[in-house]
Amino acid sequence: MTTPVTLMAGDGIGPQVSEAAVRVVEAAGAKVEWDRQLAGMAAIERGLGPLPDETFDSICANKVALKGPLTTPVGEGFRSINVALRKMFDLYANVRPAKSLVPGGRYSDIDLVVIRENTEGLYVGVEHFIGMEKDPQAAAESVMIVTRFGAERIVRFAFDYAVAHQRRKVTLVHKANILKCTQTLFLDAGRKVATEYEGRIEFEDRIVDNTAMLLVVDPYQFDIIVTENMFGDILSDEAAGLIGGLGLAPGANIGKDAAIFEAVHGSAPDIAGQGIANPSALILAACMLLEHIDQSEVAARIRDALLAALRGDVRTRDLGGKATTQEYTDRIIEELK
Ligand code: NAI
Ligand code: MG
């Protein structure tokens, strides 16, 4: 039985890293059938909207998708399609594992997971400028929205993930010392959920700025971090930095009815079209996808091959090597057993 999977190649380096992921997944013998769809700039260039109906329908039908990075114009232009997809499909949990793969980095043996609330907080897009006298943009305000429902469900997701993946501890990260309503609600909701897992999974809470520092000073104390949208966005990039950069960091956006897997990194316009992007993050995202559709055995073989390739001498430039995207991908395929 093959599983249909929506594939959005993405913008910038997206098409290259997506092609690499498709090649590796196929070479490993995964039972997936790609349903290729347009999104982002690629769709706009063909005279469509950034998220065409056909793409939306495909994700609705398949319920699982692999997505390359999509460019979001800064300031002017459409709002982020990534944010739109998360909202439309209520992909409330963003799971970003940070696990050391390459020896010789600043840290070794990092193994933590950032679980970010993906639909609320400051990213709900409730914001506007406020005009004063002659300046139409004299001030601006953004509203942070936290609901008890949203907070409880993300913290519960984090604990369930911890149980399912045999992890030991959940750290809830917040800023309740300053944001007395939104963050206190998040913290209280989390504490309540934590009591259901007492004796099974350890629980602690930490303030976000302190967490950012501790992640650099002693990252090993963390296991699973659960936090609201913007804090999670920032801390997960920091965590990616601990393991050698964005080229190695995968992510999953998971909801009740659908899941979209992607790299943490963006479309990297500075290196787009040069054939030097590191496809590892998207390949690892594809592994998370395969686990999600019960093809864990294939995922494990791909991970082993990727590790073997990384430990050899074929590395992309972001990891200090000289290999092109294609040479590195070829190497992973050679290593597949
Ligand atoms: P970025 O992640 O695209 O790039 C940051 C830096 O990391 C750049 O120097 C880039 O060359 C490098 N880099 C990223 N991925 C790499 C890879 N696979 N291999 C080698 N080097 C890599 O972040 P940036 O520049 O802030 O954003 C560019 C565009 O991507 C923006 O339009 C942004 O909105 C979008 N973006 C999309 C995301 C998504 O689709 N989920 C996530 C983050 C950003
Ligand atoms: Mg981000």
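**Exercise 1. Cavities**

How many cavities of 30 Å³ or more does the count give? Then describe the largest one.

*Solution.*

Step 1. This is a predicted model. The count comes to four cavities of 30 Å³ or more.

Step 2. Take the largest cavity. Its volume is about 40 Å³.

Step 3. List the lining. The residues are Val83, Arg86, Lys87, Arg116, Asn118, Thr119, Tyr123, Val124 and Asn229.

Step 4. Sort that lining by class. Three residues are nonpolar, three are polar and three are charged.

Step 5. Look for the main contributor. Helix H4, residues 81–88, gives the most to this lining, with three residues.

Step 6. Place the cavity. Domain 1 (1–90 + 249–337) and domain 2 (111–242) both give residues to the lining, so the largest cavity lies between them.

**Exercise 2. A pocket**

Find the volume of the second largest pocket, and say which residues are closest to its centre.

*Solution.*

Step 1. Start with the volume. The second largest pocket has about 670 Å³.

Step 2. Go to the centre. The lining has 25 residues, and the closest to the centre are Pro97, Tyr161, Met288, Glu291 and Arg303.

Step 3. Trace the lining to helices and strands. Each of these supplies at least two residues:

- strand S4 (93–99) and strand S5 (111–117)
- helix H5 (148–164)
- strand S11 (250–254)
- helix H9 (280–292) and helix H10 (296–311)

Step 4. Sort by class. The lining has 17 nonpolar, three polar and five charged residues.

Step 5. Place the pocket. Both domain 1 and domain 2 give residues to its lining, so the second largest pocket lies between them.

**Exercise 3. Two domains**

State how the protein is divided, and how far apart the domain centres are.

*Solution.*

Step 1. Read the bounds. Domain 1 covers 1–90 + 249–337, and domain 2 covers 111–242.

Step 2. Take the centres over C-alpha atoms. They are separated by 25 Å.

Step 3. Turn to the contact. Domain 1 puts in nine residues and domain 2 puts in ten residues.

**Exercise 4. Salt bridges**

How many salt bridges does a search of the whole structure find? Work through three of them, and decide for each partner whether it is buried, partly exposed or exposed.

*Solution.*

Step 1. Recall the principle. Side chains of opposite charge can pair when their charged atoms come close.

Step 2. Give the total. The search finds 18 salt bridges.

Step 3. Take Asp111 and Arg167. Their side chains meet at 3.3 Å, N to O. The pair links distant parts of the chain, 56 residues apart. Asp111 is in strand S5, and Arg167 is in the loop between H5 and strand S8 (169–174).

Step 4. Judge this pair. Asp111 has 34% relative accessibility, so it counts as partly exposed. Arg167 has 16%, so it is buried.

Step 5. Take Arg206 and Glu204. Their closest N and O atoms are 3.9 Å apart. Arg206, at 24% relative accessibility, is partly exposed. Glu204, with a relative accessible area of 19%, is buried, because buried means under 20%.

Step 6. Take Lys256 and Asp257. Here the closest N and O atoms are 3.9 Å apart. Exposed means over 50%. Lys256 has 73%, so it is exposed. Asp257 has 52%, so it is exposed.

Step 7. Add a network. Lys67, Arg86 and Glu262 are joined by salt bridges that share partners. Arg86 also appears in the lining of the largest cavity.

**Exercise 5. Two residues in helices**

Which residues does Thr182 touch, and which does Arg23 touch, not counting residues up to four places away in sequence?

*Solution.*

Step 1. Locate Thr182. It lies in helix H6, residues 182–195.

Step 2. Judge its accessibility. Thr182 has a relative accessible area of 17%, so it is buried.

Step 3. Name its contacts. With that exclusion, Thr182 touches Met144 and Val146.

Step 4. Locate Arg23. It is found in helix H1, residues 14–27.

Step 5. Judge its accessibility. Arg23 has 31% relative accessible area, so it is partly exposed.

Step 6. Name its contacts. With that exclusion, Arg23 touches Gln326, Thr329, Asp330 and Ile333.

Step 7. Set sequence beside space. Arg23 and Thr72 are 49 residues apart in sequence. In space, C-alpha to C-alpha, Arg23 and Thr72 are 27 Å apart.

How values were computed: Residues numbered from 1 in each chain as written. Chains lettered and ligands numbered in written order. Predicted model: local features only at pLDDT ≥ 70, side-chain atom pairs only at ≥ 80, totals over all residues. Heavy atoms only, no water. 1 Å grid on protein atoms, 1.4 Å probe; cavity = no way out; pocket = protein on both sides within 12 Å on 5 of 7 lines; lining within 4 Å. Points joined across faces, edges and corners; volume = space filled by probe spheres on them. Helix = DSSP H or I, 4+ residues; strand = E, 2+ residues; numbered from the N terminus. Nonpolar A, V, L, I, M, F, W, Y, C, P; charged D, E, K, R; others polar. Domains from an automatic or database assignment. Salt bridge = Lys/Arg side-chain N within 4 Å of Asp/Glu carboxyl O. Buried < 20%, exposed > 50% of the residue type's maximum accessible area, 1.4 Å probe, protein only. Contact = heavy atoms within 4.5 Å.
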